[in-house]
Amino acid sequence: MNAGVKVRRGQLAILHGMPSSPESLPLAGLTVAVPASRRAEETAALVRRWGGEPLVAPLLQEVPVPDEGPLRQATEAVIDIGPTWSVHLTGTGTRRWFERASDWGLGTALTDRLRAAQLIPRGPKATAALAQAGLEPAWVPTSETSAEISAWLAPQLSAADTVAVQLFGEPIPGLVGELSDAGAAVIEVAPYEWALPPDPADRAAAEALVTAIAGCSVAAIVVTSAVQAAHLFEVARGLGCERALRAALTSSVFTAAVGEVTGHGLEREGVPVDLVASPHRMGTLVRSLAEAADRVRAKAGHGPSGP
């Protein structure tokens, strides 16, 4: 853990990174909501680097899919068909897929099939998960994004191709649709899904975060998943503040999304998206938020930034 960064399970906290940033930094004096559990420290540090105060609470937790029938069917399809390409979006999902295949007595058959395919891990964690199974990637996108994978892979596909896509807890209609439109058959593999954290302390922290947003106690929110947006409103409905949350995000709290799919998650809840990061990476998202600091202040009703 980075020195000075406090992340306490089950607690809502303003996370303090390195010593206080100069008041001239773009996000100085602004509180930024971070509805994250994974990469919470990293996101907090990025916000703090630009002078903001990150307010963090968990809204997502990886859980096994409740019905593993579709996962087993997808695994058997991969073994039966033998994909020409296999896309691996997360290390967690890849490892869980291989573990469940082994539990079903299909582990060797699955890795043998994948060894004959062209493998595309999205980033280093997925690459490491493949390496643990003795599998090597054919290519890794430098941006670690689904968009780059699609742009690189789709032009190479034809009706003769089958692509396995390991999902990261939610549907990815953009990637899957573009690969399908290129003529390939796509096998979607969903080893886990996202849920609200079941721990009561974590749930209380999530409720406190939603209450702070609905009360306009933050100036901005960074959203990294469409499921985060859905969970914000699921928590708000339980608290009876859904309308207040939507009003705050519409009129006062600046909304920043890591990509178009995430932005669509907010829009499905009736919330306009003020900023979509491109490329779709956390560092770019927070930097873009800092560059839009005057817009953040204007929406929040704050004065202009300092010199």
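## A partly exposed aspartate and its lysine

Asp274 is partly exposed, at 22% relative accessible area. The structure is a predicted model. The side chain of Asp274 forms a salt bridge with that of Lys299, at 2.6 Å from N to O. This pair joins distant parts of the chain, 25 residues apart. Lys299 sits in helix H13, residues 293-300. Asp274 sits in the loop between H11 and E12.

Is Lys299 buried or exposed? Lys299 counts as buried, at 16% relative accessibility. The cut-off for buried is under 20%, so Lys299 falls below that limit, whereas Asp274 at 22% does not. Lys299 is also among the residues in contact with Leu249.

## Two further pairs

The loop between helix H11 (260-268) and strand E12 (275-276) also holds Glu269. The side chain of Glu269 meets that of Arg237 in a salt bridge, at 3.9 Å from N to O. Arg237 belongs to helix H9, so the bridge ties together parts 32 residues apart in sequence. Glu269 is buried, at 16% relative accessible area. Arg237 is partly exposed, at 42%.

Arg115 and Asp112 make a local pair. Their side chains form a salt bridge at 3.1 Å, N to O. Both lie in helix H4 (residues 107-115), three residues apart, which means a separation of about one helical turn. Arg115 is partly exposed at 43% relative accessibility. Asp112 is partly exposed too, at 44%.

## Salt bridges overall

How many salt bridges are there? The count comes to ten. Some join into a network, which links Glu68, Arg96, Arg100 and Asp103. Such pairing has a general basis: side chains of opposite charge can pair when their charged atoms come close.

## The largest nonpolar core

The largest nonpolar core has 27 residues. Those with the most contacts inside it are Val210, Ile213, Ile221, Leu232, Leu245, Leu249 and Val253. Which elements give two or more residues to this core? They are helix H8 (200-214), strand E10 (220-223), helix H9 (226-239) and helix H10 (242-251). The largest share, seven residues, comes from H8.

Helix H9 thus appears in two settings. H9 gives two or more residues to the largest core, and H9 also carries Arg237, the partner of Glu269.

Leu249 shows how parts of the chain meet. Beyond its neighbours within four places in sequence, Leu249 is in contact with Ile213, Ile221, Phe233, Thr255, Val271 and Lys299. Of these, Ile213 and Ile221 are also listed among the residues with the most contacts inside the core. Lys299 brings the salt bridge with Asp274 back into view.

## A second core

Another core lies apart from the largest one. This second core has 26 residues, among them Val32, Val47, Phe254 and Ala292.

## Cysteines without a bond

How many disulfides does a search of the whole structure find? The search finds zero. In general, a disulfide is a covalent bond between the sulfur atoms of two cysteines.

Why is Cys241 unbonded to Cys216? The closest cysteine sulfur to that of Cys241 belongs to Cys216, 11 Å away, and this is too far for a bond. The cut-off is 2.5 Å. Seen from the other side, the nearest cysteine sulfur to Cys216 is that of Cys241, and Cys216 is in no disulfide. Cys216 is partly exposed, at 37% relative accessibility. Cys241 is buried, at 15% relative accessible area.

Terms used: Residues numbered from 1 in each chain as written. Predicted model: local features only at pLDDT ≥ 70, side-chain atom pairs only at ≥ 80, totals over all residues. Heavy atoms only, no water. Core = buried A, V, L, I, M, F, W, Y, C linked by side-chain atoms within 4.5 Å. Buried < 20%, exposed > 50% of the residue type's maximum accessible area, 1.4 Å probe, protein only. Helix = DSSP H or I, 4+ residues; strand = E, 2+ residues; numbered from the N terminus. Contact = heavy atoms within 4.5 Å. Salt bridge = Lys/Arg side-chain N within 4 Å of Asp/Glu carboxyl O.
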